[in-house]
Amino acid sequence: MMNGIIHIFLAIVMPPLLLGVIGKTKAAFAGRVGAPFLQPYHDIIRLLQKGSVFSTTTSWVFRAGPIVALATAAVAALLIPFGAHPSPISFDGDMILYAYLFALGRFFTMAAALDTGSSFEGMGSAREATYSCLAEPTLFFALITLSKLAGSYSLSGMLVNISFGVWLNNGAALLLLVGGMFIVLLAENCRIPFDDPTTHLELTMIHEVMVLDHSGPALAIIQYAAALKLFVLGAFFVHLALPYATGNSVLDWGLFIISMLELAVVIGVVESAMARLRLIRVPQLLVAAAILAAFSTLLVIR
Amino acid sequence: MIALADQLLVLVLLINFVSLGTSRLIFSIRAVAVQGVILGILPGMIHPFTWHLVGITVVNITVKGFVIPFMLVRAVRSAEIKREVEPFLGYVPTLLLGAVFTALSFSFAGKLPMLQEHQNFMFVPASIATLMTGFLILTTRRKAISQVIGYLILENGIFIFGLLLAEAMPIMVEAGALLDLLVGTFVMGIVINQISREFSSLDTSRLTSLKEE
Amino acid sequence: MYSLLQGAFDPALVALVAALVIGCAGIPGLFFRKPGSGQIIAAAGTILAAMAGVPASLQLLFSHTTSTYLLEWSLPFGPCEFVIDPLSAFFLLPVFIVSAAGSLFAIGYWPAAEHRATERGLTFFYGLLASSMAILLMARNGVFFIMVWEVMALSAYFLIVTEHELENVRRAGIVYLIATHTGTVALFVYFSLLAAQTGSFLLPAAGSLSALSPYAAAIALAAFIGFGAKAGIMPLHIWLPSAHANAPSHVSAVMSGVMLKMGLYGIFRTLTFFYDPPLLWGAVLTVCGITSALLGIAFAVAQRDLKRLLACSSIENVGIITTGLGVALLGVSSHITVLVYLGMAGALLHILNHSFFKPLLFLGSGAIIHAAGTREMNLMGGLGKGMPRVALLFLVGSVSICGIPPLNGFVSEFLLYLGFFSQLKAGSLVYLVFLAPVLALVGGLAVVAFTKLYGSVFLGTPRSSEAAHPHEAGVTMLAPMAFFALLCLLIGAVPQLALRLVSPAILSSYPQTALAAFPAEYGAIMGRLSLAGILLLSAAVVVTLLWRWRLGKAPAASAPTWGCGYQRGTSRIQYGATSFSELAVSVFNGIMLQRVERPKLTGLFPRVSRCSDVPTETLLDRIILPLFSMTGMLFSFLHRLQHGLMQVYMLYIFAALFILMLWAH
Amino acid sequence: MFAALIILPLIGSAVTWLIPFDRMRPKILSLFAFAHFGLTIRMLIVTPPESPGGWFHLDALGKIVLLSTSVLFLTCAVYSIGYLYYRRERSNRMLCVWLLVCLSAASMVTITHHLGLMWVALETTTIAMAPLIYFNRNARSIEATWKYLLICSVGVALALIGLYFLAYATIVARVEPSLLLDDLIRDAGKLSSGWVHAAFVFLLVGFGTKMGLAPLHTWKPDAYGEAPGLVGALLAGGLVNLAFLALVRVYQVCIATKEIAFFQNALVVMGLVSMVFAAIFMARQTDFKRMLAYSSVEHVGIMAVALGLGGTAIFGALFHVLANGLTKGVLFLSSGNIHRSYNSKNTDHVRGALRRLPWSGGLFMAGFIAITGSPPFAPFISEFTIISSAFIQGRMLVGAIFLIALTFIFIGMALTVLPMLMGDVPPESETTSYRDTFGTVGPPLALLLVVFLLGVWIPGPLMTLLRDGSALLEVPR
């Protein structure tokens, strides 16, 4: 019960912090002081207070976009276990629901973008559609590998059971998987090298360009939803990459938070170290990720 | 008397070759006429005398020997076509083929069982050889007239075989023979005349408008 | 109604009568002078029949009974039995539902007043098609089966060529007719071999044949070709896109929603005959299925024609169903009942789902075509404002066909996924799990295809003057769509019931699944799914309320879409259908071959001209049609045998005589 | 009674010969057709006793052919009323006269058991048909007539010598020389195989030519193409069946002589060859009447294959006699209407027939569906019986070739027929006064109904008839 409350609390509160950490890291690499860690919270709150402007061409679909995006991310957050603690909702096959929830969110974000009738947002949603469908198989290969290793068909079962012991036995497979999943993590959350959330060169962007016409609370919801998505997928990845658990409930929560922050730092490092890829290269990288994951699957089930 | 039948059959075979070899339309018509006359006589040779037989003979001789040739010749005249036979296949090859077929028919006939009284005759080979000759003319000659001639020779072949059955089932044979004559003479004659009116020629290689492109 | 049925009538008889009524519904219209009344009578009759037929088939389904009727007929092919077992009853549901909805839709979509020439025939053959499909499911005598089958196929042909003054409609019709007839020929072989095997034309009972018997393989192959051609499994799908695209929309709805399923029914039925199918069969089905799914949706992504896109996605869904069947078959041959159950459940449920959301989409496309006057998606846009109800219903359909929670499409795919994963622990068939990522890819592509469709049709601003002033569809058109949308939501919300629906059918065809308590086990999981759905809904509500509250605080203004600094934005610079899918197509290039039609530019100052990408039917255009024309050329060369020259003919006779002589002696 | 069946049409032809009015003749024709039909039905119900000497004897096989011929003739006669009204420009005396002569000869073929007499009757039908094919009196029709006449005469001549061989075989075997079917069957065991084989070969080729088995079919497209629609119907639906009956008679003798295996194989081969030929010539066919001719080649091929297969296929063959005959009637009569209305039988000119002639077009469509063996029409029953019996007998190769040929034929026919019926009437197409009238549509419509009924329900008496017929052709294993 307690764990459940903590779980939900973290899911609600923590996501923007990751963005803050990433920003700080990048600033540090750039030799700047950078915005405070809590800047994202300020942004969201400010946006919530602003009035909003809706394009005349839009319809209710446009308004449904942010709502569904956030709702799906929230439900996904309930399905994924944080640290050593199983998730509030867990049943056989919930990983498939987890994967498909993002599809639902995507569908509506893209629809909302298309609803504005802007060429740029149309472009953005086209890219989003293609790349995310290329990222899909990787996630599933990961799920297969994990459920094979953990011998469980539910997210909690498979993720909580990943321990160093498993790593020792199937190091190679998990390593491949970590590689693949990290790429997917970046792609799904539109981070460099796939997308640069900070530029406003529309021609090069994917996610940001889809939300050009969202303003005020809508934008706030979108940004929060994005952060939450990063958090949820990050939690998945952390289980994979940093599977340490003590057995002490409180400590485990601490470890989870720390490892999430580590992840944020790593992302920040990558973003500062790498440049944005040319769009043509993106599919190749995604396919590469899929192949890595497929290999890891082969390694474990042969 | 009966012995003569074989000689006549030899004559029939010779006429086959003549009709294969000749290049003159009129002449081949005449040849067929002669063949018809001979075949008309044949029954008289092998069967005992009856008035019925006489009747048959007369009918045969008049129709095959005179009526048909007359009609054909008239058709040729009326259509004032060239008197050549104009074969697809040259005369020598046709003759050779004719010889081959005759030989074949003899060997074929040899394999078939016969009655004693027919044993030493060459009715079967002669008939089949004549049949083949008819076919040869039907396939290698260009003019409609020639084809009628071919058909008649074919009929003659059948007639020769019919002689073997003449006493066993006379009605059958005569019905067959007469019906053929009907076709041979009237219908074909009519059609020939129609053709010569429509096309002002009896060259069947002109009669090829109906085909698959 | 239920108890009444139980009391008064035998449900099987009710279903049979309902089918016959549907068949005759179109006849009165043929004799009316005044147009329209016939159509209404037909619709009323069909709907009433369906209202009787659906409960009847439900009862048959749940009563787990098999009722047999014997038709006295004089044809020399043994007794003609009518049998309704749970499998048939299950397939009867979509037949009744979809045909009734379509006949109602027709009143608004194909009004007799405007289509005096075609309406009568359309209504008549529509009824014929529907009832022949219903009767097909009851037929147990092979010959009678073929007869009904062919009635179905031919009436479908006449429906397709309703607008036969259009060239490509005629072409679609001919392709369809040839394809279906070839399939029927395969069925001739199929039933003949069955008769050779069993000694009678009656279809054998479930699990009564051995796959090791001499003809078994041939029977299975013939069934695959004959039924697969109708179901549109690749590579037998060539007729499907153009036929569905060119038929009137409610006809497309019935063809895609139900007629394809008849082919699948044939395959299902055939496979139940054998108690020991070899692994190979299952493997073949699975591979063909997943390939059709992937390629089908890939083609769909590339389409520009609204209805072609839907048709291609039908290929995809049929592929998914076939995959499920193949998995089940693998389960049968390796005695893993959980696979049998999950595969069959997934397949059957997806059949049901597809017969709900695909008709919904096709009917919607009919409404769209009514409003926009074209099927070309690149000319549409912004229709959502003119026809909001259609837009909403269409959205439901699009979401559920993508297999996205919380709608019904997801449920069936979920079951299939469970099936794929189920062998992960057990050693054998572990490689099945590789189907999961492929299916995921299919799902992703489906999202591409349908966001493209929905976006380019309903959203944004009109791209042509035709689409500028759409009108909302009438109630007779909206009601059926709303009904289907409701069903989609229902199954999505309470999947347990759906599972309850399919279980009897599975049980009747594969009794071995009775041993384990699968329905209970997976029913629980389904319960969790609906819980997740509720959570999703509540979360959405919370967010909405929050937003409402904020909007209340700070008022909203409205302005034109931001052109990113470009001031002269016209509607044509929007992302159109083709441009939306261009990226995906370029990724999957080679599967989706596009022909670029670009005009020849001449002179120093060429006049204004446009080029466009045209998706091509790879198999049909690149392989089959060339083959046909080659055969045609060969034949027309052989036509010279009929040379027209008498002497040659004589030679033929002579040769025949000669050869036969040689043969004889 | 037998005499009546033969004399009646002859009287009719005499009457039509004497009548001076063109308008009257078709009516009289139909009158006699009705009478003949009534007589036929009567004879089917109460089978007349075998005539003394056994020359005339109406058995089940004869009944089937007689029935199909009579029904078809009746339809064509009634059709001729409406049809000839549009052909007032030329006298129809010859047509009516020879039609009735043909009918009389045809009836003779069906009721006689004396092969010689049957041959004579068959030859008579051949001759009687010649003037009918020449009805249009132009260069093309004369050519067609000429080819038809010469080829068929040669064929019949070959059949004659075949009969001679058979007769001589009886003489050689020292049994009572006779061509009576029953005697032949009785003494068949004693005949010498050499003569019998030769006889069978000649008879097969001879009757095969009349029937139109490939490659002896060469006269068919020309004759069918040039003859008027109703004559084509009689050729394809009537004469074909007569020749088939002749072959069946020979087959009966064959069964008795134990030489049946060779004859069966020969039939199967020739049948398949015919179907393949038909398939080849259907492709890219631009003349729809010639197309129908090739379809007729196909169907005689089917009958031959069925006869060769034996077993249950025999039933199929006998039923196909009816099914094919009547369906061909529908096709030829409706195609005649289309031909007249467009004044062309070339599919490049004939388009959108469903628009110009809804009824005839619909009939042609239905006929096309029926003749390609689609249910629910009679030909499906027969064809499916044949196919299934091929597979059930394990003759996989035969079945495969059969089906492949059928598929190609369907494709070829569809690609010719559908463009012809569908679409709009091209503006440049010739407009004639010829439209659907009750007189020209009713008869084929009636035929179509019969074809449909036979496709879903075979009446009991007919069933017994077919069973008796196939019992006569039972091959003792």
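1. In this predicted model, strand 1 of chain A (residues 52-55) pairs with strand 3 of chain C; the two run parallel and are joined by 4 bridges. Within this pairing, Phe54(A) stands opposite Ser558(C).

2. The strand pairing belongs to a wider contact between the two chains, in which 61 residues of chain C meet 69 residues of chain A. On the chain C side, the elements that give two or more residues are helix 15 (383-386), helix 17 (408-422), helix 18 (435-458), helix 21 (518-553), strand 3 (556-559) and helix 22 (577-587). Helix 21 of chain C supplies the largest share of that side, with 13 residues.

3. By residue class, the side of chain C that touches chain A holds 45 nonpolar, 12 polar and 4 charged residues.

4. Of the 4 pairs of chains that touch, A and C have the most contacts. Chain A does not touch chain B, and the nearest C-alpha atoms of these two chains are 54 Å apart. Chain A does not touch chain D either; here the nearest C-alpha atoms are 41 Å apart.

5. A separate point concerns packing inside chain C. The axes of helix 4 (residues 37-62) and helix 5 (residues 86-109) of chain C come within 8 Å and cross at roughly 160°. Angles over 145 degrees count as roughly antiparallel, so helix 4 and helix 5 of chain C are roughly antiparallel to each other. Their crossing is left-handed. The contact of helix 4 with helix 5 of chain C has 19 nonpolar and 6 polar residues, and no charged ones.

Key:
Residues numbered from 1 in each chain as written. Chains lettered and ligands numbered in written order. Predicted model: local features only at pLDDT ≥ 70, side-chain atom pairs only at ≥ 80, totals over all residues. Contact = placed C-beta atoms within 7 Å. Nonpolar A, V, L, I, M, F, W, Y, C, P; charged D, E, K, R; others polar. Pairing = 2+ DSSP bridges. Axes fitted to C-alpha atoms, helices over the stretch in contact; angles between N-to-C directions. Parallel < 35°, antiparallel > 145°, perpendicular 65-115°, else oblique. Left-handed = near helix turned anticlockwise from the far one by under 90°.
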